[in-house]
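Open your viewer and get your selection tool ready. We will take a short walk through the fold, one stop at a time.

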Amino acid sequence: MLRARGARLAAEGKCDQALPLFARALAADPKEARSALLAGRCQIAAKQYAEAEKSLDLAQQRDPSLHEVSLEHAIARYHQENFAGARQALEAARPTSTGDARFELYDGLLLLQEGKRAEGIAALERARKADPKVAEPTASYYEGLALENQGDRREAQEAMNRVVTSDPTGRWGVAAQQRLAFWSRTRPRDYWAELTFGEESDSNVVLRGNGVDLPSDISDQRDFRAIWHADAGWQFLHTPDWGAGAELNYTGTAEHQLPQFSYDYLVGTAWIDRRITERLSAHLQADYAYGWVDGASWVTEVAATPGLVYAEGRNLYTRVFGRFPFSNYHFTPDSTATWNPLSVPTPTPEQLHTAAQIEADRNRDGRAEQLGIEQGIPLDAIRTQLTATALFTRYHAEGSEYSFRGAGGYLQSDTLLPWNFTLLLAAGYTWRGYLHPTTFEAVAVAISGATRSSTPTSRSSTRSTTTGWSGRSGTTSPTRRPTSPCSTTAATSSAVTSPSGFRERRREDVVSKRLGSCRSVAVGGSGAC
């Protein structure tokens, strides 16, 4: 018989010779259905999935009782990414195919596609136990990916090792070896420590604005500085549903010619993560930061950062978050500055009143609300991870000088290079619109004897900054370590006209910009946070 001859050839892997025999059998007998089923299986083996579905439709039309057709239909539709149709066919095959290795394999693959990770892993395990020759190495490979995304690192590695063992030189084994190598380079450990030293050049250390003269005791706004960063952390809780840890990092700089701008910054962090569904997890982080400049206390900050992470795949995720910091600045104005009303020999009552008002206006202490969205996009073909962030900020200072609204964006790429080097590229921009006129022009007016009613220039259209942002990001695993320090750039004009006033104002602004993870104000110039 034609069907029998074709079946023998198909069993020997000679589907190209078997398919013409099946076609002749179907043409010879209008009631022949099994030849169409066997032709569909051959076409699936040849990855001719659309043609296979047509053959299977014919088999089902000629003999609706041919129960093997449903499973083959599910396989053909799955490979055409018709997942809903594949699920429908698979459920039709369930009464007669449960326990079959191919049924369990494709049930597991569909469950993973549907976001039901735990059920998918269980089905893949049943498939490889039912018949390893049929299900492997496919079952172990996808089981390993799912286990890694779930956070079960040891089990994921064991699954990939099974793939390498069963197919050491084939495409599955090579893919598993590449995945294991990728994990070894990129997968976060439960504990870590880093120490970085460097030297950098800054063309505008003091963040000098356009049209502003340098004070007499500063010969040049350019400088070289040494920079160092230490970071240590421990994720002491790591389960499929919970993650928690703590981290401590310290950053310091030493300016060579302008030591008054050198700073140290210490940040302590604790976080907890909770998986809500297979793809959605919640993150809560608390920070305490303390910074000092030129050996003197500068700022203390506490912050809470809640967030939600939706993970679509390994390093493909969307994170929405809020950050709510409270800042206490320890900055004391220089009473000898020429723009300070109390620096004149005999201040008038009006100048005393102006000084008290301006001291209150320049109180930078306050709170902020920051909302953001982050998108992670893996580009596995070039071994690169892209991260894009958009931020919206509102800062409420106790005084009027520093209250602002702002928005910005941040883009970073991390590329794995040969010999375990990493290429990091980052760019960011932040705009800040200040809500009140600057008080520094008002001081100059008061000193010159003019009334306080003179109208200073509004800063909302003249002061802006571009800056990066760094913070902890969620991934498919419960936590992710913070990104690297960001580069910053800004260019604006300043209203400060006296050299002494410029020096104090610039020192205050430049340090506040660099401390606080690049979240404070900058008035002009360029630097690194």
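Over how many bridges do β3 and strand β4 pair, and is the pairing parallel or antiparallel? Select residues 263-275 for strand β4, and show β3 beside them: the two pair in the antiparallel sense over 11 bridges. Keep in mind as you look that this is a predicted model. For one pair to label, pick Leu 248, which stands opposite Gly 268 in β4.

**Next stop: the other partner of β3**

Now select residues 223-238, strand β2, together with residues 242-255, strand β3. This pairing is also antiparallel, and 12 bridges hold the record of it. Follow the backbone from β2 into β3 and you will pass through a hairpin of 3 residues. Along the way, label Trp 228, whose bridge partner in β3 is Gly 252. If you show side chains here, a general point helps: in a regular strand they alternate between the two faces of the sheet.

**Zoom out: the whole sheet**

Which strands sit at the edges? Colour β1 (191-202) and β11 (422-434): these are the edge strands, and each pairs on one side only. Between them the order runs β1-β2-β3-β4-β5-β6-β7-β8-β9-β10-β11, an open sheet of 11 strands with antiparallel pairing. From one strand to the next, the twist averages 15°.

While the sheet is in view, select residues 316-329 (strand β7) and residues 366-379 (strand β8). These two run antiparallel and are joined by 9 bridges. Val 320 is a handy residue to label, with Ile 373 in β8 as its bridge partner.

**Over to the helices: a disulfide**

Select Cys 15 and Cys 42 and show their side chains; a disulfide joins them, with an S to S distance of 2.2 Å. The pair links distant parts of the chain, 27 residues apart: Cys 15 belongs to helix α2 (residues 15-28) and Cys 42 to helix α3 (residues 34-45). A search of the whole structure finds 1 disulfide. Why is it called left-handed? The torsion about the S-S bond is about -80°, so the disulfide gets that label. Both cysteines are buried.

**Last stop: Gln 43**

Stay in helix α3 and select Gln 43. Is this residue buried or exposed? Its relative accessibility is 11%, so Gln 43 counts as buried, the cut-off for buried being under 20%. Show its neighbours: leaving aside residues up to four places away in sequence, Gln 43 touches Leu 19, Gln 48, Tyr 49, Glu 51, Ala 52 and Ser 55. With Ser 55 there is also a polar contact between the side chains, at 2.8 Å.

Notes: Residues numbered from 1 in each chain as written. Predicted model: local features only at pLDDT ≥ 70, side-chain atom pairs only at ≥ 80, totals over all residues. Heavy atoms only, no water. Disulfide = S-S within 2.5 Å. Helix = DSSP H or I, 4+ residues; strand = E, 2+ residues; numbered from the N terminus. Buried < 20%, exposed > 50% of the residue type's maximum accessible area, 1.4 Å probe, protein only. Pairing = 2+ DSSP bridges. Axes fitted to C-alpha atoms, helices over the stretch in contact; angles between N-to-C directions. Polar contact = N/O pair within 3.5 Å; in protein donor to acceptor, adjacent residues only side chain to side chain. Contact = heavy atoms within 4.5 Å.
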